[in-house]
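Subject: Structure for you to look at

Hi there,

Here is the structure I promised to pass on. Please open it alongside this message, and then read on for what turned up in it.

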Amino acid sequence: MIVRALGLAACAALLLLPLAGLPYTTTLLLPAFGYAIALLGLNLLFGTTGLLSFGHALFVALGGYTAAVLTSRLGVRSLEIVLLAAAATAVVVAGPVGLVCVRYVKIYFGMLTLAFGMLFYSFLYKFYALTGGDEGMRVLRPVLLGRPLEHLDTVAFLTGPFYYYALAVLTLAALVMRRLVASPLGLSLRSIRENAAKAESLGVSVRRYRLAAFVVAAVFGAVGGALLVVPTGLADPLLAYWTHSGNLVFMLLLGGFDHFFGPVLGAVVFILLQDQVMSLTSYWRFLFGAILAVVVIFFPRGLMGLLDPRRAPAP
Amino acid sequence: MLALRDVDVYIQASHILRKVSLEAAPGELVCLVGRNGAGKTTTLRAVMGYLRPAGGTITLAGQPIGGLPTHAIAARGVGYAPEESAVFGDLTVAENIELPTWTRPGGRPAAERVARAYDVFPRLRGFATRGGTQLSGGERKMLSIARALALDPALLLLDEPFEGLSPAIIPQLGESIAAIARLGPAIVLAASNIHHVPVYASRLYVIERGEIVFAGLPQDLRGRPDLARIVGQAL
């Protein structure tokens with residue numbers, strides 16, 4: 001009950017924020033929306049299926065670079081097309097990568113995803129002519145729903161139409177994910193997480209379902225990544241770097257992976273916290289390490305576990 | 001329905017099953033009796049595709065299934081309730097039973113399969129929204145069998161369904177298994193004790209050190225005092 005009330009209040013706050021005349025806070029939330037979408041995907045893999053990826057940033061970067069290539073090289077400015085292209089690219093890449101990765105579980109899966117993430121990072125970094133190397137690629141301001149909105153300056157564009165656009169995509173992503181988790185696919189994935197051998201004996205094709213989860217996670221990652229690069233106007237190789245994957249896992253643990261809204265909360269809190277702590281001290285990574293340790297030891301279910309303690313703690 | 005011919009199974013370097021042959025026809029309840037470690041579970045796991053036979057053939061309705069992946073064997077209609085139950089604790093009782101109706105579509109409608117599972121184990125109906133971890137040992141056994149039944153199996157493998165249960169619940173579970181037998185699937189039931197073999201068992205196999213040492217009707221055991229030690233009965 002309290003959680004529902006808090007959730008409604010949070011939704012209302014998010015809807016009204018741009019009207020409150022806080023452009024800084026409003027732009028701060030834009031990356032949180034992108035991350036939240038990517039994390040919904042990552043959590044299908046980790047929270048639902050039990051596979052922890054340390055290479056999810058690969059797909060975030062893939063989405064980011066898709067947006068960059070389309071807007072600055074190919075002249076495609078429609079954000080709807082950019083998002084669809086990011087999703088399609090993710091499917092094309094995650095198919096073969098996933099085929100290799102889902103043959104393994106636990107640490108081996110984690111290390112393989114890490115390896116693929118770093119492979120992609122090296123590709124982005126070294127293939128200067130294609131990707132711009134360490135300078136990255138520019139992401140031009142996209143056209144939303146066919147409306148150029150050129151009369152708006154960048155801040156007005158980001159805190160107005162783009163803010164609501166990103167929020168709408170996040171809402172849609174959450175609705176789709178919610179349906180997925182409640183579907184037979186979600187049921188099968190949860191059975192795999194608990195006991196893959198037993199799930200197999202009930203006719204669940206474990207490898208195929210794990211691959212499906214991997215590809216869906218990649219699509220969410222790429223869509224989130226495409227939204228992530230619009231405010232900064234830049235896609236750079238660090239998007240694919242392993243520390244970025246680590247940040248995604250951090251956000252997930254912070255928000256709580258065994259609650260549906262854990263990823264969304266984790267993304268928002270991480271971004272706001274990072275902003276606060278970075279403005280206070282240059283040792284923000286040190287502080288974040290300490291926070292991660294405290295979360296893992298004392299709040300293994302993350303912030304959502306504190307807000308919604310009804311369910312039994314994850315074993 | 002199910003036929004094993006001269007099946008050999010090795011686990012690492014150990015020769016666990018030696019030329020095991022076994023058959024179960026539709027509507028039959030076949031019991032595999034033997035002491036702990038004799039090879040009962042290995043036999044069932046080999047049928048289920050967890051272990052690959054080194055020799056011999058396993059056929060289901062005339063089709064060879066040796067070497068198929070486990071999920072493909074389940075999809076052909078083999079339900080498996082292992083000894084340790086392995087109920088999904090994070091899923092509710094209803095979700096546990098529902099799962100195989102999705103993984104093996106076709107045949108009877110899902111609603112009918114779920115209803116059949118609850119009809120056989122009416123006690124579970126009251127627990128539908130409970131988590132799998134909130135069940136007693138006997139209830140977990142029931143759920144494990146109910147879930148295998150929801151697969152709409154042509155063959156049901158039950159590994160030691162009575163093991164570790166309170167004596168009070170054993171007759172109840174026995175009646176449920178009888179009810180399943182009346183529904184028509186072939187059943188292979190592994191038991192370590194002859195007292196756990198239901199009176200309505202069609203046939204009996206006795207396994208010892210990976211070999212089938214007796215195959216026949218339960219009453220034929222009377223003439224085999226040498227087997228009494230194995231099956232735990234004063235004959």
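How do β4(B) and β5(B) pair, and over how many bridges? Before the answer, please keep in mind that this is a predicted model.

The two strands pair in the antiparallel sense, over two bridges. One of the facing pairs is B:Leu60 with B:Gln63, the latter being the bridge partner in β5(B). β4(B) and β5(B) make a hairpin with two residues between them, and B:Ala61, in the turn, has a positive phi of about 50°.

**The four-stranded sheet of chain B**

That hairpin belongs to an open sheet of four strands, ordered β2-β1-β4-β5 in chain B and paired antiparallel. At its edges stand β2 (14-24) and β5 (63-64) of chain B; each has a single partner strand, so one side of each is left without a neighbour in the sheet.

Moving inwards, β1 (residues 2-11) of chain B is joined to β2(B) by seven bridges, and the two run antiparallel. Here B:Leu2 sits opposite B:Ala24 of β2(B). Helix α1 (residues 40-47) of chain B packs on this sheet, where it touches β1, β2 and β4 (55-60) of chain B. The direction of α1 makes about 110° with that of β1(B).

β1(B) is also joined to β4(B), by five bridges and again running antiparallel. For B:Ala3, the bridge partner in β4(B) is B:Thr59.

There is a side-chain link here as well: B:Glu23 forms a salt bridge with B:Arg5, and their closest N and O atoms are 2.7 Å apart. Since B:Glu23 lies in strand β2 of chain B and B:Arg5 in strand β1 of chain B, the pair ties together parts that are 18 residues apart in sequence. Over all chains, a search of the whole structure finds 14 salt bridges.

**The six-stranded sheet of chain B**

Chain B also has an open sheet of six strands, in the order β6-β7-β8-β3-β9-β10, with mixed pairing. Its edge strands are β6 (78-81) and β10 (211-216) of chain B, each of which pairs on one side only. From one strand to the next, the twist averages 15°.

At the β6 end, four bridges join β6(B) to strand β7 (residues 155-159) of chain B, and these two run parallel. B:Ala81 is found opposite B:Leu158 in β7(B). Two helices are worth finding on your screen:

- Helix α6 (residues 137-150) of chain B lies across β6 and β7 of chain B and runs at about 175° to β6(B).
- Helix α7 (residues 170-183) of chain B packs on the sheet and touches β3 (29-33), β7 and β8 (186-191) of chain B, with its direction making about 150° with that of β8(B).

At the β10 end, strand β9 (residues 203-208) of chain B pairs with β10(B) in the antiparallel sense over five bridges. B:Ile207 stands opposite B:Ile212 of β10(B). These two strands form a hairpin with two residues between them, and B:Arg209 in the turn has a positive phi of about 50°.

**Where chain A meets chain B**

Which parts of the two chains touch? In chain A, 17 residues are in contact with 25 residues of chain B. The two chains bury about 1,800 Å² between them, and 63% of that is on carbon and sulfur atoms. A:Leu187, A:Lys198 and A:Leu202 supply 34% of the area that chain A buries against chain B, more than any other three residues.

Two salt bridges are counted between chain A and chain B. In one salt bridge, A:Arg190 pairs with B:Glu95, with the closest N and O atoms 2.8 Å apart. Between the chains there are also eight residue pairs in polar contact, counting pairs with both residues at pLDDT 80 or more.

On the side of chain A that touches chain B, the elements giving two or more residues are α8 (184-194) and α9 (196-201) of chain A. The largest share, seven residues, comes from α8(A). By type, the residues of that side divide into six nonpolar, six polar and five charged.

Happy browsing, and do write back with any questions.

Best wishes

Notes
Residues numbered from 1 in each chain as written. Chains lettered and ligands numbered in written order. Predicted model: local features only at pLDDT ≥ 70, side-chain atom pairs only at ≥ 80, totals over all residues. Heavy atoms only, no water. Pairing = 2+ DSSP bridges. Axes fitted to C-alpha atoms, helices over the stretch in contact; angles between N-to-C directions. Contact = heavy atoms within 4.5 Å. Buried area = accessible area lost by both parts, 1.4 Å probe. Salt bridge = Lys/Arg side-chain N within 4 Å of Asp/Glu carboxyl O. Polar contact = N/O pair within 3.5 Å; in protein donor to acceptor, adjacent residues only side chain to side chain. Nonpolar A, V, L, I, M, F, W, Y, C, P; charged D, E, K, R; others polar.
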